[in-house]
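Please walk me through this model in a viewer, one selection after another. For each stop, say what to pick and what is found there.

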Amino acid sequence: LIATADNCSFYGMCSDTLDTLGVDTFDDVLQGYQMLAHTRTDTERNRLVACALAYQPFEQSTDLTFFEFDKDGKLVSKVEHHLPAFVTHDWTITPNYYVIPAASAVFDTSKLPSLIAGGMTATEIFAIDANAPGTVLLIPRDGSGPPIRAERSDGMHSTIFHVGPTYEDDETGDVIFHPFCFDQYQFGGEMGFDIHKQSFDPTPWSESNGGPKLERWTIDMTESKVKVKGKGKVVPAIAERLSTVISDMPTFHPDRDGLECNSVYTVCGIREEGKGWFPFNSIAKHDLRTGECEVWPPEACSLNADERFRWDGGSAVRAEPLFVPRVGAIDEDDGYVLSTVHCSENRRTTLEILDAKDFGAGPIQRIDLGELMGWNVHSSFDPAGANV
């Protein structure tokens with residue numbers, strides 16, 4: 001097992017005790033690199049794919065390095081690029097591309113001394129260009145060429161932190177990309193926490209940033225649509241909003257990275273207007289074919305894309321769901337959805353388990369995890385020894 005986080009090394013963990021074993025450099029391949037938290041699995045090639053990122057504030061640039069490892073942890077591919085400044089967090093793959101959301105940014109180098117002295121967070125030294133169109137980079141996995149920029153054809157801005165199923169359409173050659181998009185976002189005071197005042201108020205922060213929503217981007221890769229800007233190629237991305245539900249942190253079948261998958265599960269923020277959307281208080285199942293969105297718990301079940309739903313969210317904060325496929329399953333939604341519920345009213349934490357095929361029926365099992373624990377952002381499942 002490895003534990004991952006943004007802008008740091010991977011750490012090995014004992015699969016039995018979860019004890020930290022120390023930095024895992026994959027036989028020194030990752031030595032000195034600052035990794036991104038998200039990794040991807042190419043099941044068709046049996047590879048683990050990882051990404052390192054380095055911001056270069058004085059050069060106003062961003063460096064990306066992709067590593068692909070075989071089942072024995074041996075490096076089989078390494079691709080590097082030095083690019084104009086952008087910020088990113090999550091990313092994905094297709095059979096031919098690394099797919100990276102790229103929010104154009106400017107670094108304020110005058111703030112670096114304060115950052116080094118501990119007087120501000122890293123997110124306070126850069127600002128996103130709110131006038132730049134939503135952009136995703138497609139980088140050839142074989143290292144055969146420079147990145148291709150896919151920009152929203154309508155010119156609208158998007159800031160993307162998490163992405164859902166992404167794949168190449170065999171018939172059209174289009175890249176189909178499912179991001180969770182903020183219409184506007186500026187860094188600072190993330191999730192309502194003020195590092196200077198040591199205070200927490202999520203409502204103004206979440207109201208100002210609007211909240212992420214699921215979209216489908218159809219990226220036209222035909223040669224006739226390719227334009228040249230500067231030294232690079234640009235292709236159009238036609239964006240379609242699939243849901244007005246504020247949702248993020250998608251999970252889907254773990255063997256479908258880079259392949260078509262139509263069942264996606266997210267954590268949601270649903271509250272009365274003016275009360276913000278964070279912390280998250282519900283979870284959802286999205287059908288990418290029909291656009292249908294089922295929300296749990298039952299107070300939110302009537303939600304649809306055409307009405308403004310009003311709900312106070314109760315006293316529970318819900319964590320990112322995790323889809324775990326059933327042993328021997330064939331269908332992409334044959335499995336379980338796991339999510340922890342953190343309740344301030346009874347000061348307990350509960351693990352809820354839902355049947356993914358019958359999501360709207362709610363939990364088939366609730367497990368009391370004990371006293372109220374901190375909200376977790378991302379999670380994983382180790383199938384070794386499990387019989388589910």
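## A nonpolar patch on the surface

Begin by selecting Met 191, Phe 193, Ile 195 and Phe 200, which make up a nonpolar surface patch with about 350 Å² of accessible area together. The model is a predicted one. Within the patch, pick out Phe 200, which sits in strand β18 (residues 199-200). With a relative accessible area of 51%, Phe 200 counts as exposed, because the cut-off for that class is over 50%.

## A three-stranded sheet

Next, show β8, β11 and β12, an open sheet of three strands in the order β8-β11-β12 with antiparallel pairing. The edges are β8 (86-87) and β12 (126-128); each has a single partner strand, so one side of each lacks a neighbour in the sheet. Two bridges pair β8 with strand β11 (residues 103-107) in the antiparallel sense. To see the register, select Val 87 and look across to Ala 103 in β11, which stands opposite.

## The largest nonpolar core

Keep Val 87 selected and add Tyr 185, Phe 187, Trp 277, Val 337 and Phe 359: these are the residues with the most contacts inside the largest nonpolar core, which has 29 residues. At least two residues of this core come from each of β11, β12, β21 and β22 (263-268). The strand that gives the most is β11, with three residues.

Now centre on Tyr 185. Leaving aside residues up to four places away in sequence, Tyr 185 touches Ile 128, Thr 159, Phe 161, Glu 190, Trp 205 and Asn 209.

## Strand β19 and its partners

Move to strand β19 (residues 213-219), where six of the seven residues are buried. One partner is β16, paired with β19 in the antiparallel sense over five bridges. Select Val 175 to find Ile 219 of β19 standing opposite. β19 is also joined to β21 by six bridges, and these two strands run antiparallel. For that pairing, select Arg 216, whose bridge partner in β21 is Glu 240.

## Salt bridges

Finally, turn to charged side chains; the whole structure holds 23 salt bridges.

- Select Arg 241 and Asp 183, a salt bridge in which the closest N and O atoms are 2.9 Å apart. Arg 241 lies in strand β21 (residues 232-251) and Asp 183 in the loop between β16 (175-182) and β17 (193-194), so the pair ties together parts that are 58 residues apart in sequence. Arg 241 is partly exposed, at 33% relative accessible area, and Asp 183 is partly exposed too, at 37%.
- Select Arg 326 and Asp 355, whose side chains meet in a salt bridge (3.9 Å, N to O). Arg 326 is in the loop between β26 (322-325) and β27 (335-343), and Asp 355 is in strand β28 (residues 348-355), so this pair ties together parts that are 29 residues apart in sequence. Arg 326 is partly exposed, with 24% relative accessibility.
- Select Asp 42, Arg 45, Arg 47, Glu 68 and Arg 141, which are joined into one network by salt bridges that share partners.
- Select Lys 71 and Asp 72, whose side chains form a salt bridge at 3.6 Å, N to O. Are these two residues buried or exposed? Asp 72 is exposed, with a relative accessible area of 57%, and Lys 71 is exposed as well, at 64%.

Technical notes:
Residues numbered from 1 in each chain as written. Predicted model: local features only at pLDDT ≥ 70, side-chain atom pairs only at ≥ 80, totals over all residues. Heavy atoms only, no water. Patch = residues over 30% accessible without salt bridge, like charges linked within 9 Å, V, L, I, M, F, W, Y side chains within 5 Å. Areas by Shrake-Rupley, 256 points an atom, 1.4 Å probe, with all protein chains shown as cover. Salt bridge = Lys/Arg side-chain N within 4 Å of Asp/Glu carboxyl O. Helix = DSSP H or I, 4+ residues; strand = E, 2+ residues; numbered from the N terminus. Buried < 20%, exposed > 50% of the residue type's maximum accessible area, 1.4 Å probe, protein only. Pairing = 2+ DSSP bridges. Core = buried A, V, L, I, M, F, W, Y, C linked by side-chain atoms within 4.5 Å. Contact = heavy atoms within 4.5 Å.
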